[in-house]
Amino acid sequence: MKRPARKAATDRSFVVALSRGLDVLRAFRPNDGLLGNQEIAARTNLPKPTISRLTYTLTKLGYLTQVPRFEKYQLAPSAMALGYAALANLGVRHLSEQFRNDLMRQTGGACAVGARDRLSMIYFGQSRSELTVGVQLDVGSRVPIATTAMGRAYFWAMPEGERSNLQRELREHYGHRWPKIRDGLERSGETVAKHGFAISAGEWHDDIHAAGVSLTLGDGTGPYAFNCGAPAFRFTEDRLRNDIGPRLVAMVRNIEAALGGAMPQSKKQETKKMKPGGKVARVVEGIG
């Protein structure tokens with residue numbers, strides 16, 4: 001787990017102890033079950049003695065529950081209550097549910113909505129059925145920004161300054177793999193510019209194909225991003241481009257209209273948001 005070390009070192013208002021405590025809570029992922037101090041230390045890049053003090057404190061505060069038999073911890077109801085409170089305040093999750101369910105039934109794919117969590121997107125709404133057995137993601141799941149359709153759609157919806165900062169973090173994170181990741185982001189930028197959606201065809205997992213579309217609200221919240229994905233044999237790349245992507249764009253524009261009380265933007269307005277060509281390449285390189 002990448003930690004904000006630079007910010008902690010330069011921002012006098014930044015509370016390092018609080019940051020580390022939250023990192024411990026973030027170490028728990030869906031379907032994890034129990035985690036021990038050693039596992040938490042590996043995920044947070046914090047020393048084990050520090051982790052021991054943090055898990056002790058979080059247990060005393062009611063955010064973790066210790067299971068002495070295994071010398072491990074699990075998230076306690078107080079921690080889960082924070083997540084449920086956050087979900088309850090996300091109006092886009094509730095309003096989009098019927099739209100997502102409809103698209104799921106129409107396409108046979110899983111449809112989710114998510115927001116950024118550092119270098120990942122975290123699902124806070126998911127619609128899936130027995131037809132999407134190959135897509136085992138649920139609320140709370142994280143997927144990488146750089147290689148998924150949801151993440152790429154979000155990437156190109158970010159304000160330019162924030163996108164530049166994220167680029168630097170991604171370049172540092174991926175190291176020698178960055179040129180290949182950069183090329184995928186560049187291609188996705190061209191697709192967003194031309195069609196209004198991003199795709200990932202086996203670039204995250206070989207057997208998962210998906211399209212992604214961003215949503216930015218007029219009240220300054222977001223951006224958020226939606227995806228629609230399925231096993232590769234069900235969503236071929238051709239179907240992503242000619243069927244799933246356009247359907248997802250229409251769905252998100254209808255959600256946008258419902259949330260904002262305005263008519264959905266036309267396809268022409270959509271494509272004006274970003275010009276294709278050299279600009280996308282320069283932005284991904286970090287020189288735009």
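This short talk covers the sheet, the nonpolar cores and a salt-bridge network.

First, the ground rules. This is a predicted model, where local features need pLDDT of at least 70, side-chain atom pairs count only at pLDDT 80 or more, and totals for chains, interfaces and linings use all residues. Residues are numbered from 1 along each chain as its sequence is written, and side-chain values use heavy atoms, with hydrogens and water left out.

Start with the sheet. It is open, with 6 strands in the order 5-4-3-8-7-6 and antiparallel pairing. Strands (E, at least two residues) and helices (H or I, at least four) are DSSP runs, numbered from the N terminus. Two strands pair if DSSP finds at least two bridges between them. Strand 5 (142-144) and strand 6 (198-201) are at the edges; each has a single partner strand, so one side of each lacks a neighbour in the sheet. The twist averages 30° from one strand to the next.

Helix 6 (residues 91-107) packs on this sheet. Helix 6 touches strands 3, 4, 7 and 8, and its direction makes about 75° with that of strand 4. Contact here means heavy atoms within 4.5 Å. Axes are lines fitted to C-alpha atoms, for helices over the stretch in contact, and angles run from 0 to 180 degrees between N-to-C directions.

Now the cores. A nonpolar core is a set of buried Ala, Val, Leu, Ile, Met, Phe, Trp, Tyr and Cys residues joined through side-chain atoms within 4.5 Å. Buried means under 20% relative accessible area, exposed over 50%, partly exposed in between (1.4 Å probe, protein chains only). The largest core has 25 residues; F124, F226 and L248 are among those with the most contacts inside it. Helix 10 gives the most to this core, with 7 residues. A second, separate core of 23 residues includes L137, V143, Y154 and A225.

Last, charges. A salt bridge is a side-chain nitrogen of Lys or Arg within 4 Å of a carboxyl oxygen of Asp or Glu. The structure holds 16 of these salt bridges. Which residues form a network? D23, R26, D117, R118 and R142 are linked by salt bridges. D23 to R26 is 3.9 Å between the closest N and O atoms. D117 to R26 is 2.8 Å, N to O. That pair joins strand 3 to helix 2, 91 residues apart. R142 to D117 is 2.3 Å between the closest N and O atoms. D117 is buried at 10% relative accessibility, while R142 is partly exposed at 31%.
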